[in-house]
Amino acid sequence: MTKYNEYFLPVYNRKELNIIKAEGSYLYTEQGKYLDMIAALGVNVIGSSNKSIIDAIQDQIHRYMHISNFYESDIVGEYAEYLCKHTFANKVFFSNSGTESIEAGLKLIKKYGKQNNKDIILSFSKGYHGRSLGSLSVTAKTKLTNEIEPLIPGIKSIEFNSLNDIEKNINDRCAGIIIETVQGQGGVNIADKEFIVKIRELTEKFGAVMLVDEIQTGIGRTGKFFSFEHFGVVPDLVASAKSLGGGLPLGALLVNKKYSNILERGDHGSTFGGNPVSCAAGLALVKQVNDEVFLLKVREKAERMNVRFKKLRGSYSDIIGDIKQLGMMIGLEMKYGADKVTSLFENEGVIVNVTGGNVLRLLPPLTLSDDEIDYFFEKFEIVLNNM
Ligand SMILES: Cc1ncc(COP(=O)(O)O)c(C=O)c1O
């Protein structure tokens, strides 16, 4: 029995791999290496052990690791300034995780709603926004949500990608909408452009806050710094996390000018939120990713992979169904074998994951090399032949 099995609450289905090192796109065990095609669940967007991130962390830990949110930290201010100057944001709030950035957004929307007689928040089928009680309230229902209800009131879940549902449900009572442009946990479901455009149009018309959850889709994952840029709209709020901290825990709520005065002193806060070391690591990361040449390469690489996925589907159309891909956020519908595909890949030294029941999800490092792509497709074919 491992220590995890003995001492942890049994909430994770942990794999047996004993990882001793992570570098670039690979995880290493005593026995060999594994190509990490989910980048540690979307966190390690430029792979592991990036030198400039390590240098930034080392510089910062020798200055200080934590000084509390009583005091201004120059590095935290610098990261907030970077995000405001390079995105739509006017202000940011740093937290420790994706869930917490969603919580901050929900509090802002609820306070704004109270001030304006708006008592409904719309969320979407198959959406996923975290595991706290607030974020679960806007997440699609699961066995657990049924077991712990009631969650927070005033949330209405409507159909993702249904223009009809959005038109029917948005009105003056709607305080806000929370949406992923690509649903990660729900099975890599990509929003239609006209659906997102309609949401923006109607949220503006009815004075509802549009919150886009970019926790998985953001920081270059889809080939743009934030995925909403593909849709030709600008939201009011963005929740970010995962790679935002360069591999360390960090979340952020980005807020536009219009809504940046809703949360006031004392309304929100966090002991560790915006930790200086996490901010130093995150800033070193986003400076590398938020670069048009880098992002163009990501889009080109994604396109080349898409061509190869389609070719593979041509030969294995009995196994591979829909190919759902926006940049390097990739979902391949498995007509069968979703239950064993991750272990078959693991036997070949490749880490993948399944979401939405039968969708093989890939969130590779954006820095994946051409050789690594070739290696992945070689292994993919072996896996398909073994199914
Ligand atoms: C879209 C989305 N929202 C929210 C979360 C929750 O983030 P965290 O696990 O950092 O709390 C996740 C995590 O997978 C996510 O993918």
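This report walks through a few helix and strand arrangements and the ligand shell.

What you have here is a predicted model: local features need pLDDT of at least 70, side-chain atom pairs count only at pLDDT 80 or more, and totals for chains, interfaces and linings use all residues. Residues are numbered from 1 along each chain as its sequence is written. Helices (H or I, at least four residues) and strands (E, at least two) are DSSP runs, numbered from the N terminus.

**Strand pairs**

Strands count as paired if DSSP finds at least two bridges between them. Here are three pairings:

| Pair | Sense | Bridges | Facing residues |
|---|---|---|---|
| β1 (19–23) and β2 (26–29) | antiparallel | four | Ile19 and Thr29 |
| β2 and β3 (33–36) | antiparallel | three | Leu27 and Tyr34 |
| β13 and β14 (329–334) | antiparallel | five | Leu326 and Met329 |

β1 and β2 make a hairpin with two residues between them, and Gly24 in that turn has a positive phi of about 55 degrees. β2 and β3 also form a hairpin, with three residues between them.

**The four-stranded sheet**

Further along the chain, an open sheet has the strand order β13-β14-β17-β16, with antiparallel pairing. β13 (320–326) and β16 (353–355) sit at the edges with a single partner strand each, so one side of each has no neighbour in the sheet. From one strand to the next, the twist averages 30 degrees. Helix α11 (residues 292–315) lies across β13 and β14, and runs at about 175 degrees to β13. Such angles run from 0 to 180 degrees between N-to-C directions, with axes fitted to C-alpha atoms, for helices over the stretch in contact.

**Two helices crossing**

The axes of α3 (residues 51–63) and α10 (residues 276–289) come within 8 Å and cross at roughly 150 degrees. That makes the two helices roughly antiparallel (the label for angles over 145 degrees). On the α3 side, the contact residues (C-beta atoms, placed from the backbone, within 7 Å) include Ile53, Ala56 and Ile57, while α10 brings Val277, Ala280 and Leu283, among others.

**Around the ligand**

Which residues are closest to the ligand? They are Ser97, Gly98, Thr99, Ile215 and Gln216, out of 14 that surround the ligand (C-beta atom, placed from the backbone, within 6 Å). Helix α5 (residues 98–115) gives the most to this shell, with three residues.

Definitions and conventions: Angles under 35 degrees count as roughly parallel, over 145 as roughly antiparallel, 65 to 115 as roughly perpendicular and the rest as oblique. Two residues are in contact if their C-beta atoms, placed from the backbone, lie within 7 Å.
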